[in-house]
Amino acid sequence: MVAAALKRFHGLLLCLAIAAPAWGQVERTEFRAMGTRIEIIVRDDDPAVRRAALDEARHRFERYGRDWYAWRDDSELARVNRALAGGRSAPASSALIELLHEARTLWCRSGGRFNPAIGGLVELWGFHRPPPYEGPLPDESAIEHWLASDPDPAGLQLGDAVVASDNPAVRLDLGAIAKGAVIDRALAAMRATGLEHAMINAGGDLAVIGRADGRPWRAAIRHPEAGLLATIELAPGEALFTSGDYERFREAEDGRRLGHVLDPRTGRPARGAIQVSVIADSGTRADAAATALLVASADKWPEVAASLEVVHVLRMSTAKGLQMDERLAARLERLDPSLATRLRPLPATPPRECR
Ligand code: ADP
Ligand code: MG
């Protein structure tokens with residue numbers, strides 16, 4: 001009888017050991033910021049570290065989500081835009097100036113497909129407001145005028161605490177990069193509290209540090225129509241971002257979908273792809289690259305991806321179906337078997353020379 005009790009006791013100990021392994025306790029929080037649902041999962045043994053890390057992360061979303069949003073009159077970016085439109089320089093925080101440096105480099109590396117000076121065009125198409133998108137489409141002449149005014153970040157002067165532009169048509173819109181940049185800043189702030197393992201998921205765009213438990217963090221890539229396209233295990237430090245034409249779009253008179261990612265070279269909605277997912281070792285780069293590669297054509301995207309130094313690309317278009325780089329195919333799990341997949345290598349070319 002004693003032996004039976006001991007055995008039960010041992011069984012219990014074994015269960016406890018399995019239930020509380022050496023991986024640290026997990027804590028999760030969820031809130032809304034940057035127009036989407038933010039989910040943060042942290043893992044650490046120390047509840048004080050978990051709490052401090054979650055507070056730091058949330059603070060970054062609240063602060064930068066507000067400061068870097070162009071379409072709120074009282075934001076830092078809106079204030080900078082008003083000054084640039086009036087031909088004046090604007091005082092700016094070091095955080096914003098740092099992001100503008102990154103955005104300018106990524107604009108150059110993307111061959112102009114990602115253009116953070118695109119705000120005027122975004123406004124013409126009405127995508128500066130939340131949906132529904134109604135009302136008339138922009139006039140041809142207004143689009144031509146925007147193209148002729150040639151707004152890009154080349155002429156931005158970024159000082160220590162001041163921004164100026166030699167082109168008053170520049171209207172900064174960081175909508176295609178801000179989410180990635182905020183995730184990077186939030187992860188860095190969490191690391192500074194001593195946290196080593198976390199995932200931040202901002203409406204399906206995400207980045208991770210460390211590992212989930214004994215295994216890597218796992219993420220889902222959604223199918224543009226519905227459901228799941230595939231899942232993937234992310235290595236520490238990787239970010240997975242998706243851009244598509246199906247979440248925020250308006251319709252042309254012939255029913256064609258006009259997505260909110262615009263091609264800065266034509267002034268019209270991107271026609272390259274339906275959806276692009278990118279894995280990179282920075283959220284900032286993954287976010288800008290997903291937007292740039294949605295604009296890129298079927299034959300140019302591998303070259304643009306290489307110039308942006310991304311790790312993987314998965315591209316879905318009407319003409320070419322599902323395309324991805326060869327090495328991604330080996331990493332995807334639960335890939336929808338009904339999809340015919342074409343593999344392309346990413347060229348080993350160095351990034352474009354950009355300052
Ligand atoms: P989401 O906001 O759905 O994650 P993106 O990261 O692709 O999608 O960002 C799209 C937003 O970026 C648009 O709503 C617009 O504000 C801005 N934008 C649109 N086209 C471009 C472009 N070619 N380059 C830079 N920003 C763009
Ligand atoms: Mg983007």
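# Close-up views of a predicted model

**View 1. Helix H3 and its buried residues.** The buried residues of H3 are Glu-76, Leu-77, Ala-78, Val-80, Asn-81, Ala-83 and Leu-84. The model shown here and in the views below is predicted. H3 runs over residues 76-85, and seven of its ten residues are buried, so the helix is mostly covered. What do the buried residues of H3 pack against? Their partners are helix H2 (47-67), strand E3 (90-91), H4, E4 and E5. Just after H3 comes Gly-87, with a positive phi of about 75°.

**View 2. Helix H4, from end to end.** H4 covers residues 94-109, which makes 16 residues. How far apart should its ends be? At 1.5 Å a residue, the expected span is 22 Å. The C-alpha atoms at the two ends are 23 Å apart, which agrees. Many side chains can be picked out here by their burial. The buried residues of H4 include Ala-95, Leu-96, Ile-97, Leu-99 and Leu-100. Further along, Ala-103, Arg-104, Thr-105, Leu-106, Trp-107 and Arg-109 are also buried. An α-helix has 3.6 residues a turn, so residues three or four places apart point the same way. Just after H4, Gly-111 has a positive phi of about 65°.

**View 3. Asp-152 in its loop.** Asp-152 sits in the loop between helix H6 (140-149) and strand E4 (156-158). Is Asp-152 buried or exposed? Its relative accessible area is 18%, under the 20% cut-off, so Asp-152 counts as buried. A polar atom of its side chain lies 2.8 Å from the backbone nitrogen of Ala-154. Asp-152 also touches residues beyond its neighbours within four places in sequence: Trp-107, Asn-115, Ala-117 and Val-170 are in contact with it. One of these, Trp-107, is a buried residue of H4.

**View 4. The magnesium ion (ligand 2).** Which atoms coordinate the magnesium ion? They are Ala-176 (O), Asp-287 (O), Asp-287 (OD) and Thr-291 (OG1), at 2.1 to 2.6 Å. Ala-176 lies in the loop between strand E5 (162-165) and helix H7 (178-192), while Thr-291 is in helix H8 (residues 283-295). The pair therefore ties together parts that are 115 residues apart in sequence. In sequence, the donor residues follow the spacing A-x110-D-x3-T. Ala-176 is buried, at 18% relative accessible area. Thr-291 is buried too, at 10%.

**View 5. The surroundings of ligand 1.** Around ligand 1 there are 18 residues. Which of them come nearest? Asp-173, Ser-243, His-260, Leu-262 and Thr-291 do. Thr-291 also appears in View 4, as a donor to the magnesium ion. Polar atoms of ligand 1 meet the protein at several points. One nitrogen atom of ligand 1 is 2.9 Å from a polar backbone atom of Arg-113. A backbone N or O atom of Leu-262 lies 2.7 Å from a nitrogen atom of ligand 1. An oxygen atom of ligand 1 is 3.5 Å from an N or O atom in the side chain of Arg-248. On its own, ligand 1 has 570 Å² of accessible area, and the protein covers 92% of it.

**View 6. Thr-193 beside Glu-56.** Thr-193 lies in the loop between H7 and strand E6 (197-202). Its relative accessible area is 24%, so Thr-193 is partly exposed. The side chain of Thr-193 reaches the backbone oxygen of Met-190 at 2.5 Å. Leaving aside neighbours within four places in sequence, Thr-193 contacts Val-49, Ala-52, Ala-53 and Glu-56. Thr-193 and Glu-56 are 137 residues apart in sequence, yet their C-alpha atoms are 8.4 Å apart in space.

Note on methods. Residues numbered from 1 in each chain as written. Chains lettered and ligands numbered in written order. Predicted model: local features only at pLDDT ≥ 70, side-chain atom pairs only at ≥ 80, totals over all residues. Heavy atoms only, no water. Helix = DSSP H or I, 4+ residues; strand = E, 2+ residues; numbered from the N terminus. Buried < 20%, exposed > 50% of the residue type's maximum accessible area, 1.4 Å probe, protein only. Polar contact = N/O pair within 3.5 Å; in protein donor to acceptor, adjacent residues only side chain to side chain. Contact = heavy atoms within 4.5 Å. Expected span 1.5 Å × (residues − 1). Donors = N, O, S within 2.8 Å, 3.2 Å for Na, K, Ca; no water. Near = heavy atom within 4 Å. Areas by Shrake-Rupley, 256 points an atom, 1.4 Å probe, with all protein chains shown as cover.
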